[in-house]
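User: I am new to this structure and would like a close look at a single part. What is the volume of the largest cavity, and which residues line it?

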Amino acid sequence: MTRAALLISAGLLVLTAACSPVSGSPDADPHIALLLPESKTARYEAHDRPAFMQRIRERCPECESTYANANQSSERQLAQAEAAITNGVDVLVLGPVDSVAAAAIVRSAQAAGIPVVTYDRHVVGAPADFHVTVDNQRVGELQAEGLLEAIDAAEPSDDGVVVMLHGSPTDDNAGQFKAGASRVLGGTDVELGPSFDIADWSPDQAQEQMERALASLGRDRVLGVYAANDAMAGAAVAAMKAAGLTGDLPPVTGQDAELSAVQRILAGEQHMTVYKPIREQAEIAADVALDFARGGEPSGALTTISVRAGDEPVPTHVLEPIAVTRGTVGETVIADGFWDVDEVCVGRFAAACDAAGIR
């Protein structure tokens, strides 16, 4: 994929490669463990987990699959991983809470002969066997591009600024989102105002920081809000409403195409989100895990690239993100079945769906 080269050219840390001994065999019923990082972001429980587990059931009915969510605790995730290793899983699929602390999980699993497939977020300083992700810098670029387009269309005042709500410092992806957004915004005349790294992607903290920004700037000086994901976008919208902003709110970005975000977009309260092909991502991770568990290597049918950290490459499958605005909800998240019309177009959002032509 052409955009994936950005991961190399920007000099970001990406997983190093090391092929650990494969614990599975063609004669054994594979046992695969999926460890995901948190549940504040709705996607993991609503989409990633069910898509992964369904793919395993479809391709390997005899497989045993286990799941745990760390609820944003790296210590809990380490304990969950140790339990999976002790129970003799054949493959560990890991979405790390903390991109640095999770290196201990990768090393421990590989020392036990268990391949590790890192999922969505990579691990810094430890060589996984395969990585499945989205072009994260492109996510940040799409958010910034959408924000600039909305600001230009609104004909802003000259003294306004953009408030920046970035993701958790312990999530390496957050740094990549920030890098992509900064590259786009840094080449413009738009002034960047208060900037916050939100620990644990906490919506509560995001709302508190947005309230502080509004109090220090004045509510009329906010041109727009760069929010790195949809949960924080919702928090920013809530803070602006609480501050008395009514009518057309300043444009707000997001990510993950959460149901509430799609509804806010249709209602004109959030400008855009980034839709990531989560179902495809989960299915690819499941396919790779099954290949490893059965004693082989990932299928040659997969389109992969090798990205680097240091001198060693890791096979990586990089998927492309998609920007979603009010005009493209129907042709993206609805058309793909990510959300059903009956889920989106309820209550006060029914009229907005009609206006957008998706009912």
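Analyst: **The largest cavity and its charged surroundings**

The largest cavity has a volume of about 110 Å³. A cavity is a set of points, on a 1 Å grid over the protein atoms alone, where a 1.4 Å probe fits but cannot get out; lining residues have an atom within 4 Å of a point. Points are joined across faces, edges and corners, and the volume is the space filled by probe spheres set on them. The model is predicted: local features need pLDDT of at least 70 and side-chain atom pairs pLDDT 80 or more, while totals for chains, interfaces and linings use all residues. Residues are numbered from 1 along each chain, and side-chain values use heavy atoms, without hydrogens or water.

The lining holds 14 residues, and those closest to the centre are Tyr44, Arg121, Asp171, Trp201 and Asp256. Two helices, α2 (43–59) and α6 (172–185), supply at least two lining residues each. Helices are DSSP runs of H or I with at least four residues, strands are E runs with at least two, and both are numbered from the N terminus. By class, 7 lining residues are charged, 4 polar and 3 nonpolar. Here Asp, Glu, Lys and Arg count as charged; Ala, Val, Leu, Ile, Met, Phe, Trp, Tyr, Cys and Pro as nonpolar; and the others, Gly among them, as polar.

Asp256, one of the residues closest to the cavity centre, forms a salt bridge with Arg43, with the closest N and O atoms 3.9 Å apart. Arg43 belongs to helix α2 and Asp256 to the loop between α8 (230–242) and α9 (259–267), so the pair ties together parts 213 residues apart in sequence. A salt bridge is a side-chain nitrogen of Lys or Arg within 4 Å of a carboxyl oxygen of Asp or Glu. Both partners are buried, Arg43 at 2% relative accessibility and Asp256 at 5%. Buried means under 20% relative accessible area, exposed over 50%, and partly exposed in between (1.4 Å probe, protein chains only).

Another salt bridge serves as a comparison. Glu269 pairs with Lys241, the closest N and O atoms being 2.7 Å apart. Glu269 sits in the loop between α9 and β9 (272–275) and Lys241 in helix α8, so this pair ties together parts 28 residues apart in sequence. Glu269 is buried at 14%, whereas Lys241 is partly exposed at 40%.

Returning to the cavity, Arg43 and Asp256 belong to one network with Asp48, Asp120 and Lys276, joined by salt bridges that share partners. The whole structure has 18 salt bridges.

How values were computed
1 Å grid on protein atoms, 1.4 Å probe; cavity = no way out; pocket = protein on both sides within 12 Å on 5 of 7 lines; lining within 4 Å.
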